[in-house]
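I opened this notebook to record, one entry at a time, what I looked up in a single structure. The sequence and the model come first, and my entries follow.

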Amino acid sequence: MAKWQCEVCGYIFDGNEAPDNCPKCGAPKEKFQKLDDDAAALVERSRFSNNLHMELLTLLERAKEISAKGIEDALDPACVKIFEAMTTFAVDIQQRIKAELKTHMTKNKWG
Ligand SMILES: [Zn+2]
């Protein structure tokens, strides 16, 4: 399926032709450019990986919430150590994911 990108806001629309108006910013149909086959394939390929990254971000947020409860519970120092390590790990991976997604956005691996 063809992909059309709004020149105003970057929204990518999947369809045989551009929409009458951009669903995000309202720009008219004339503001959409059809992506060439390579660009469209890169967007399609990247959607899967980007969705995995976003799913991990969500899971790590949950891991941080669970760890906070464990730290508060503080059954014993070994438990707290594990929960603190999980928090540090989750924050680190979340920041790496955000940096990676930023590079995807600037290299047309997004949309
Ligand atoms: Zn737009």
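**Entry 1: the metal site**

I began with cysteine 22, which is buried because its relative accessible area is 4%, and values under 20% count as buried. I kept in mind from the start that this is a predicted model, and that every value I write down here is computed from that model.

I then asked myself which atoms coordinate the zinc ion. The zinc ion is held by the SG atoms of Cys6, Cys9, Cys22 and Cys25, at 2.3 to 2.4 Å. Reading along the chain, I found that these donors follow the spacing C-x2-C-x12-C-x2-C.

Next I looked up the geometry, and I noted that the angles among the four donor atoms run from 104 to 115°, with the site of the zinc ion being tetrahedral. For reference I wrote down that the ideal angle for four tetrahedral donors is 109.5 degrees.

I also checked cysteine 25, another of the zinc donors. Its relative accessible area is 36%, so cysteine 25 counts as partly exposed, whereas cysteine 22 is buried.

**Entry 2: two helices**

I turned to the helices, reminding myself that two packed helices are described by the angle between their axes and the distance between the axes. Helix H1 covers residues 37-73 and helix H2 covers residues 77-106, and their axes come within 9 Å of each other, crossing at roughly 155°. Angles over 145 degrees count as roughly antiparallel, and therefore H1 is roughly antiparallel to H2. The crossing in which H1 passes H2 is left-handed.

What classes of residue make up the contact of H1 with H2? I recorded 14 nonpolar, eight polar and five charged residues there.

**Entry 3: residues in the helices**

In helix H2 I picked out phenylalanine 89, which is partly exposed because its relative accessible area is 46%. The C-alpha atom of phenylalanine 89 is separated by 9.7 Å from that of alanine 63, although the two residues are 26 apart along the chain.

Glutamate 100 also has its place in helix H2, and with a relative accessibility of 35% I noted this residue as partly exposed. Its C-alpha atom is 8.9 Å from that of histidine 53, and these two residues are 47 apart along the chain.

For helix H1 I chose glycine 70. Is glycine 70 buried or exposed? At 7% relative accessibility, glycine 70 counts as buried. I then compared its position with that of valine 8, and found the two to be 62 residues apart in sequence and 46 Å apart in space, C-alpha to C-alpha.

**Entry 4: two positive phi angles**

Before looking at backbone angles, I wrote down that most residues other than glycine have a negative phi.

Where is alanine 74 found? It is in the loop between H1 and H2, and its phi is positive, at about 50°, although alanine 74 is not a glycine. Its relative accessible area of 38% makes alanine 74 partly exposed.

I made a similar note for asparagine 108, which is found in the segment after H2. Asparagine 108 has a positive phi of about 60° and is not a glycine either. With 54% relative accessibility, asparagine 108 counts as exposed, because the cut-off for exposed is over 50%.

How values were computed:
Residues are numbered from 1 along each chain as its sequence is written. This is a predicted model: local features need pLDDT of at least 70, side-chain atom pairs count only at pLDDT 80 or more; totals for chains, interfaces and linings use all residues. Side-chain values use heavy atoms; hydrogens and water are left out. Axes are lines fitted to C-alpha atoms, for helices over the stretch in contact, and angles run from 0 to 180 degrees between N-to-C directions. Helices (H or I, at least four residues) and strands (E, at least two) are DSSP runs, numbered from the N terminus. Angles under 35 degrees count as roughly parallel, over 145 as roughly antiparallel, 65 to 115 as roughly perpendicular and the rest as oblique. A crossing is left-handed if the near helix is turned anticlockwise from the far one by less than a right angle, and right-handed if clockwise. Ala, Val, Leu, Ile, Met, Phe, Trp, Tyr, Cys and Pro count as nonpolar, Asp, Glu, Lys and Arg as charged, and the others, Gly among them, as polar. Buried means under 20% relative accessible area, exposed over 50%, partly exposed in between (1.4 Å probe, protein chains only). Donors are N, O and S atoms within 2.8 Å of the metal (3.2 Å for Na, K and Ca); water is not among the atoms, so sites may look incomplete. Four donors count as tetrahedral if all angles lie between 85 and 135 degrees; four count as square planar and six as octahedral if opposite donors are over 155 degrees apart and all others between 65 and 115; anything else is irregular.
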